[in-house]
Amino acid sequence: MDVIDSVTNLAGAIFASKDPSRFDLESMSCPGVLISTTELDTIIDYIKSSDNPTATIKFQQTVTGKEVAPSVADYTSRGPSPNCPAVLKPDVMAPGSLVLASWIPNGYTATVGTNTLLSSEGFHLISGTSMACPHASGVAALLRGAHWEWSHAAIRSAMMTTANELDSSMMPIKDVGRNFTAASPLAMGAGHVVPNKAMDPGLVYDAAPQDYVSLLCSMNFTRSQIMTITRSKGYDCSESSSLDLNYPSFVAFYDKNVTTGVMLTHRFRRVVTNVGGAGARYEVKVVAPEGVKVAVWPKSLAFEKKNEQRDYNVEIVYPSDGKGRVLYGSIVWVEESGKHAVRSPIVVAPTSAGK
């Protein structure tokens, strides 16, 4: 058993750990603080140099500007989706660790020792998708209220293409579960959701119900299975099926057994809808994954009016990688005025990525 969870008979304790996942702790078995092992020597030197070393825990304080945020939590689920790796999952990330949330008034939130239960006046620190989901759902609900004419796909697109891939230090968001290396889209999707920017995304990737049915048809679902999902007899596989859903991301997976170094090609077609102003013109900016060639045509899109649509094509040429690395980059449509930047992640990885 972890010592942090097993110590119950101390008035207080200082725990040190080099495991990044421990810093997502919600509770301890006794009053205490958790520090990094890099800070341990300073504390030990202080204890040795003082005849009466003391430490104080201050409650009900909020300290801002000290930590780099956000980061991908160690416990988060990662892609690819085992059922449909062609569609990037997750879509976005949202606040989920140590969120102060409302709590049932007759339930305890912490324990002291083995038999003392503590309440917290109706609030509790909770971590996980139980917190990230209502954040993302709330953003989607607000977007629906502001743009009643947008489809569900358009709302998701707005959240994804305006998400932030940088943290508060303007560096790539880190993945706690991968030793604080830069997080890939298989861990954070398009990035951290930014509600205000999602209100005005400029362009959206829309999709109709039949587009999703076509995706299901390409996955070899039976008619009965498709009806279970759609709950309607009005859709079938009589139209062409395709894994290339009009999604605001590009995923190129390859079989891990393909000979290393073989050049592979993946092509996509996307349609974007102008939900910004009339007379808008966008130029493409490509950040290609390492060792990968990405071609986009046309390189510019012009819109004379709102709700006008334009399509473009993407070709990704990449080598099979015996190392199993996940390579990623992005395609960004930048409006000439500089008002909008519509970003979509690119992922190149073997089918075993994330396992």
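Buried, as used in these legends, means under 20% relative accessible area, with exposed being over 50% and partly exposed in between.

**Figure 1. An overview of the predicted model.** This is a predicted model, and in it buried residues account for 38% of the 355 residues in the protein. Eight helices and 18 strands make up its secondary structure. Taken along the principal axes, the C-alpha atoms fill a box of roughly 75 × 50 × 50 Å. The accessible surface comes to about 20,400 Å², and carbon and sulfur atoms contribute 53% of that. If we take the contacts between residues at least 6 apart in sequence, 67% of them join residues at least 24 apart.

**Figure 2. A look inside the largest nonpolar core.** Welcome to the interior: the largest nonpolar core has 26 residues. Inside this core, the residues with the most contacts are Tyr312, Val314, Ile316, Ile331 and Trp333. The elements that each give two or more residues to this core are β11 (250-254), β12 (263-274), β13 (280-287), β14 (293-297), β15 (300-303), β16 (309-319), β17 (327-335) and β18 (341-350). Strand β16 supplies the largest share of the core, with four residues. A second core of 14 residues is separate from this one, and its members include Ala154, Val193, Ala198 and Val275.

**Figure 3. A nonpolar patch on the surface.** Now to the outside, where Leu98, Leu100, Phe123 and Leu125 make a nonpolar surface patch of about 370 Å². If you want a residue to start from, try leucine 125, which lies in strand β7 (residues 123-126). Its relative accessible area is 36%, so leucine 125 counts as partly exposed.

**Figure 4. A salt bridge between strands β16 and β12.** Side chains of opposite charge can pair when their charged atoms come close. The structure holds eleven salt bridges, and this view shows one of them, formed by glutamate 315 and arginine 267. The closest N and O atoms of glutamate 315 and arginine 267 are 2.9 Å apart. Because glutamate 315 sits in strand β16 and arginine 267 in strand β12, the pair ties together parts that are 48 residues apart in sequence. Arginine 267 is exposed, at a relative accessible area of 56%.

**Figure 5. A small salt-bridge network, and a bridge between two loops.** Start with glutamate 283 and arginine 281, whose side chains meet in a salt bridge at 3.4 Å, N to O. Both ends are partly exposed: glutamate 283 has 32% relative accessibility, and arginine 281 has 33%. Next comes the salt bridge of arginine 325 with glutamate 290, where the closest N and O atoms are 3.6 Å apart. This pair links distant parts of the chain, 35 residues apart: arginine 325 is in the loop between β16 and β17, and glutamate 290 is in the loop between β13 and β14. Arginine 325 is partly exposed, with a relative accessible area of 37%, whereas glutamate 290 is exposed at 58%. Back at the starting pair, salt bridges that share partners join Arg281, Glu283 and Glu336 into one network.

**Figure 6. The disulfide of cysteine 217 and cysteine 237.** A search of the whole structure finds one disulfide. Cysteine 217 and cysteine 237 form this link, with their sulfur atoms 1.9 Å apart. The angle about the S-S bond is -90 degrees, and the link is left-handed. Cysteine 217 belongs to helix α7 (residues 209-218) and cysteine 237 to the loop between α8 (223-230) and β11, so the disulfide ties together parts that are 20 residues apart in sequence. The two partners differ in their surroundings: cysteine 217 is buried, with a relative accessible area of 11%, while cysteine 237 is partly exposed, at 40%.

**Figure 7. Two further cysteines, cysteine 84 and cysteine 133.** Why is the sulfur of cysteine 84 not in a bond with the sulfur of cysteine 217? The sulfur of cysteine 217 is the closest cysteine sulfur to that of cysteine 84, but the gap is 12 Å, too far for a bond. For a disulfide, the two sulfur atoms would have to be within 2.5 Å. Cysteine 84 is buried, with a relative accessible area of 10%. Cysteine 133, by contrast, counts as partly exposed, at 47% relative accessibility.

Methods
Residues numbered from 1 in each chain as written. Predicted model: local features only at pLDDT ≥ 70, side-chain atom pairs only at ≥ 80, totals over all residues. Heavy atoms only, no water. Core = buried A, V, L, I, M, F, W, Y, C linked by side-chain atoms within 4.5 Å. Buried < 20%, exposed > 50% of the residue type's maximum accessible area, 1.4 Å probe, protein only. Patch = residues over 30% accessible without salt bridge, like charges linked within 9 Å, V, L, I, M, F, W, Y side chains within 5 Å. Areas by Shrake-Rupley, 256 points an atom, 1.4 Å probe, with all protein chains shown as cover. Salt bridge = Lys/Arg side-chain N within 4 Å of Asp/Glu carboxyl O. Contact = heavy atoms within 4.5 Å.
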